Amino acid sequence: MLTRQPVLVLNQNYQPLNICDVRRAVSLMGRGKAESLLTSGHLLRSPSAWHELPAVIRLVYLVKRPLHRRRLSRREVFMRDGLRCLYCGARTRDLTLDHVMPRSQGGAHSWDNVVSACKSCNHRKAGRTPLQAGMKLLIEPREPRPNPYAFFHAERVQQSWRPFLPWLDDTPVAGALNGATPAGALAPRVGALAAGGD
Ligand SMILES: [Zn+2]
């Protein structure tokens, strides 16, 4: 459906901010909150005229960029720790999640208390702290930096947006540009725009 087409939303300073659908983009423009930087080539008829639908819009005001904190998941922890055991340094596909201060001793399920551990180290440490088990962490676990482009889902990136996303070549997202956009992947995500006082 035409009104479900994804539109790239840039902040006033041209930083990519979000993706919304055409209906939302036209609404923002109609209320003077955004301007069209690139049209999609599609036309939409309103009672009074034909309108060129936007592919990229820019907000006329600056939105404080939402921070996309990394979700604490097994995969993100393994990635943060470089796919290795933080006790012995072994790189293995068979990683487990270890609570440094064990849950049974009041340890939190938080970025600074979970690490990747190989099965052998996890087994050896059991329900003890590293000190109790005589083991040492290679590095102190911390929360990884937020991902500023977390809102981009590779399959939704449109070829026409490319000039507005100069960093794209450096990211895994670039690979998706060769693929077609599945219609089911176009669900609008407009949460970040709520900060705009809409
Ligand atoms: Zn290990």
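Reader: What makes β1 and β4 a pair of strands in this model?

Author: In this predicted model, 3 bridges join β1 to β4, and the two strands run parallel. Two strands count as paired if DSSP finds at least two bridges between them, so the 3 bridges between β1 and β4 meet that requirement. One of the contacts in this ladder can be named, since the bridge partner of Val 9 in β4 is Ile 57.

Reader: How do you know that β3 pairs with β4, and in which sense?

Author: β3 and β4 are joined over 8 bridges in the antiparallel sense, and because at least two bridges are asked for, the pairing of β3 with β4 qualifies. Ala 34 stands opposite Leu 59 in β4, while Thr 39 stands opposite Pro 54 in β4. The two strands, β3 and β4, also form a hairpin, with 4 residues between them.

Reader: Why are β2 and β3 said to stand at the edges of the sheet?

Author: The open sheet has 4 strands in the order β2-β1-β4-β3, with mixed pairing. β2 and β3 (34-45) each have a single partner strand, so one side of each is left without a neighbour in the sheet. From one strand to the next, the twist averages 35°.

Reader: What makes β4 a mostly covered strand?

Author: A residue is called buried if 20 or more other C-beta atoms lie within 10 Å of its own, and in β4 this holds for 7 of its 10 residues. For the protein chain as a whole, buried residues make up 25% of the 198 residues.

Reader: Which residues touch the most other members of the largest nonpolar core, and which elements supply it?

Author: This core has 20 residues, of which Val 7, Leu 8, Val 9, Ala 25, Val 56, Ile 57 and Trp 161 touch the most other members. At least two residues each come from β1 (6-10), β2 (16-21), α1 (22-30) and β4 (50-59), and β4 gives the most, with 5 residues. A second, separate core of 11 residues includes Tyr 87, Val 100, Val 115 and Ala 117.

Reader: Which residues does Val 56 touch, and how do you know that they are in contact?

Author: Leaving aside residues up to four places away in sequence, Val 56 touches Val 7, Leu 8, Leu 10, Leu 37, Leu 38, Trp 161 and Phe 164. Contact requires C-beta atoms within 7 Å, so each of these residues has its C-beta atom within 7 Å of that of Val 56.

Reader: Where does α1 lie, and what covers its buried residues?

Author: The helix α1 lies across β1, β2, β3 and β4, and runs at about 85° to β4. Within α1, the buried residues are Val 22, Arg 24, Ala 25, Val 26 and Leu 28, and what covers the buried residues of α1 includes β1, β2, β3 and β4. After α1 comes Gly 32, which has a positive phi, near 75°.

Reader: How many helices and strands does the protein chain have, and what pattern do they follow?

Author: The protein chain has 4 helices and 6 strands, which follow the pattern β-β-α-β-β-α-β-β-α-α when read along the sequence. Of the contacts between residues at least 6 apart in sequence, 60% join residues at least 24 apart.

Definitions and conventions: Residues numbered from 1 in each chain as written. Predicted model: local features only at pLDDT ≥ 70, side-chain atom pairs only at ≥ 80, totals over all residues. Core = buried A, V, L, I, M, F, W, Y, C linked by C-beta atoms within 7 Å. Buried ≥ 20, exposed ≤ 12 C-beta atoms within 10 Å, placed from the backbone. Contact = placed C-beta atoms within 7 Å. Axes fitted to C-alpha atoms, helices over the stretch in contact; angles between N-to-C directions.
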